[in-house]
Amino acid sequence: MNKSIFWRFLFIGIAVVAAVVFFLPNTPVFKSMPEWWQKNMPNKGIVLGLDLQGGLHLVYEVEADKAVESTIERYAFTIKEMLQKRKLQAEVKKNNLNIEVTPASQDIMKALREGYNNLDISESGQMVTLRLNEKERSFIKDNAANQALETIRNRIDQFGVAEPTIHRQGQNEIVVQLPGVKDPQRARDLIGRTALLEFKIVNDEAPLASQLPSSITPGDEEKILSQFADKIPADSQILFEKKVNKETGAVTKFPILVKKDAMLTGALLSEAKVTLDTQFSTPHVSITFNPEGAKRFEEVTGANVKKRLAIILDNTVYSAPVIQEKIGGGSAQITGSYGMEEAKDLSIVLKAGALPAPLKMLQNVTVGPSLGSDSIEAGKMAGIAGTIAVALFMIFYYRLSGVIADFALTLNIILLFGAMASLNATLSLPGIAGIILAIGMAVDSNVLMFERMRDELRAGKTPRSAVDSGYKKAFWTIFDSHITTLITAAVLYQFGTGPIKGFAVTLGLGVMINLYTALIGTKSVFDLINSNSDVKKLSI
């Protein structure tokens with residue numbers, strides 16, 4: 001064996017060993033490997049996709065118009081605060097997508113133009129109208145979709161799902177795929193929860209507060225709202241506190257009149273964690289504000305001693321304790337009628353932050369593990385049956401050369417799975433289709449070379465010369481066809497999503513490995529055979 005052939009076989013051997021090492025975590029053998037191996041060597045392997053191991057496929061629409069409305073509400077609130085600090089008497093109210101300020105005095109106009117030059121400001125009589133321009137609205141909508149994507153990703157990371165797929169689709173849709181999720185409903189609740197945490201002062205001073213019923217049964221909320229609609233002060237709203245009897249499970253709701261303006265929101269949180277009550281061992285969520293939030297919390301509690309402060313999450317009151325004194329330190333607790341699991345989910349959504357806009361579920365598909373198992377078995381059967389049929393045909397039609405082609409085919413499969421495992425790629429049904437297509441292309445390459453070699457043998461050339469000429473003449477045809485397929489795979493990967501990307505990855509890797517095994521792997525075997533000067537005939 002000359003040095004050139006030796007080095008080529010050595011390189012092939014190293015590649016095969018590396019592929020086996022990377023693919024080992026996907027085999028039962030990995031569990032019996034020593035602990036040091038499992039810790040220090042590749043330990044992830046190929047990840048099965050949603051269609052192979054079951055899980056959850058969700059598509060949400062971000063209701064971006066709500067984000068625009070929320071932004072306008074925040075602007076109205078900050079404008080009111082700014083004018084109060086400057087001791088300018090004015091009425092500020094939100095009217096659809098406009099903010100109306102009256103009166104339109106020179107001082108108010110000057111203050112608004114100085115502080116809100118990013119808004120369109122117009123004056124009509126005694127009223128100043130501020131509105132978001134089209135460019136600003138587009139930015140808020142786009143930003144809301146991006147923020148929602150990041151928030152969902154953070155929540156799922158803390159939920160503990162391995163290898164989730166989360167990406168934006170179109171202008172305002174988000175696709176979430178969670179392979180192997182055991183509790184789909186819990187995952188859906190965690191993702192879709194807006195988690196808008198607000199602290200509002202309870203308006204016990206208004207006459208309506210004493211007229212509200214002390215408790216109602218669930219389902220009567222709309223009835224209460226319509227019954228007292230005419231009596232609700234303009235700056236207040238009725239919300240409901242929910243309590244669950246731990247012994248009977250009965251749910252009771254308590255109407256509470258609160259001020260509309262939030263004194264604090266969850267945007268100023270720095271930490272949220274589950275703690276246990278030392279007396280009753282019931283879980284509650286402890287929250288800590290950042291420095292700005294802690295200062296604001298101290299100001300709010302100091303200015304509202306002996307009043308009730310409602311802690312509200314997604315328009316549901318969790319508790320409304322009386323402020324006994326100014327509270328420093330920036331810490332608070334959210335107590336409620338919930339168990340440990342719900343408390344953990346609450347802490348997760350608070351830490352991950354609130355969604356900038358509500359989510360509307362467009363698609364909700366749960367793939368059961370049994371269906372995924374069926375898909376794996378069907379894919380295995382298709383792959384094995386196809387490979388055996390191709391291998392037998394190659395041996396029957398090309399004899400010893402067919403065996404060499406089957407060697408290349410085996411090498412191709414080993415290296416392809418090893419490459420996918422090294423990238424921790426996700427294998428899905430379309431990915432299996434990509435593998436089978438790549439195997440078919442590998443067979444095509446060998447057929448092209450073998451037919452060229454037969455032509456050379458018919459022309460009277462020796463086996464060694466026929467092999468060299470066959471490879472040389474077939475090279476550019478094989479190379480061109482693989483490059484065009486590789487370009488197609490690259491385009492699919494760039495513009496495709498989910499399973500399409502999986503197909504593109506397996507096809508692209510398969511094509512590149514084909515070139516290696518067809519042009520170097522089989523050529524090395526033929527060169528080894530022809531290195532014996534006694535070879536007079538090529539079995540092909």
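The following questions and answers go through sheets, strands and a pocket of a predicted model.

Student: In the sheet with the order β3-β4-β6-β5, which strands stand at the edges?
Tutor: This open sheet has four strands with antiparallel pairing. A strand at the edge has a single partner, so one of its sides is left without a neighbour in the sheet. The strands placed like this are β3 (91–95) and β5 (120–124).

Student: Which residue stands opposite Ser122?
Tutor: Strand β5 pairs with β6 (residues 127–131) in the antiparallel sense, over five bridges. Opposite Ser122, in β6, stands Thr129.

Student: Which helix packs on this sheet, and what angle does its direction make with that of β5?
Tutor: The helix is α5 (residues 106–115), and it touches β4 (98–102), β5 and β6. Its direction makes an angle with that of β5 of about 165°.

Student: In the sheet with the order β7-β8-β2-β18, which are the edge strands?
Tutor: Four strands form this open sheet, and their pairing is antiparallel. From one strand to the next, the twist averages 15°. The strands that pair on one side only are β7 (165–169) and β18 (359–367).

Student: Which residue of β8 stands opposite Ile166?
Tutor: Strands β7 and β8 (residues 173–179) run antiparallel and are joined by five bridges. In β8, the residue opposite Ile166 is Val176.

Student: Which helix lies across β2, β7, β8 and β18?
Tutor: The strand β2 covers residues 55–62. The helix that lies across these four strands runs at about 170° to β7. It covers residues 134–159 and is α6.

Student: Why is strand β14 largely enclosed by the rest of the structure, and how many of its residues are buried?
Tutor: Strand β14 covers residues 283–289. Being buried means having under 20% relative accessible area. The strand is largely enclosed because the number of its seven residues that are buried is six.

Student: Which residue of β17 stands opposite Ile287?
Tutor: Strand β14 is joined to β13 (residues 269–276) by seven antiparallel bridges, with Leu276 opposite Pro283. β14 also pairs with β17 (residues 331–334) in the antiparallel sense, over four bridges. In β17, the residue opposite Ile287 is Ala332.

Student: Which residues of β15 are buried on each of its two faces?
Tutor: In strand β15 (residues 309–313), five of five residues are buried. One side has Leu309, Ile311 and Leu313. The other side has Ala310 and Ile312.

Student: Which residue in the turn between β15 and β16 has a positive phi?
Tutor: These strands pair in the antiparallel sense over three bridges, with Leu313 opposite Thr316 in β16. They form a hairpin with two residues between them. The turn residue with a positive phi, of about 50°, is Asp314.

Student: Which helix supplies the largest share of the lining of the second largest pocket?
Tutor: The pocket has a volume of about 750 Å³. Among its 24 lining residues, the closest to its centre are Phe23, Lys380, Phe417, Leu427 and Ile435. Helices α1 (3–23), α12 (369–422) and α13 (429–458) each supply at least two lining residues. The largest share, 10 residues, comes from α12.

Student: How many residues in the lining of that second largest pocket are nonpolar?
Tutor: By class, one lining residue is charged and five are polar. The number of nonpolar residues is 18.

How values were computed
Residues numbered from 1 in each chain as written. Predicted model: local features only at pLDDT ≥ 70, side-chain atom pairs only at ≥ 80, totals over all residues. Heavy atoms only, no water. Pairing = 2+ DSSP bridges. Contact = heavy atoms within 4.5 Å. Axes fitted to C-alpha atoms, helices over the stretch in contact; angles between N-to-C directions. 1 Å grid on protein atoms, 1.4 Å probe; cavity = no way out; pocket = protein on both sides within 12 Å on 5 of 7 lines; lining within 4 Å. Points joined across faces, edges and corners; volume = space filled by probe spheres on them. Nonpolar A, V, L, I, M, F, W, Y, C, P; charged D, E, K, R; others polar. Buried < 20%, exposed > 50% of the residue type's maximum accessible area, 1.4 Å probe, protein only.
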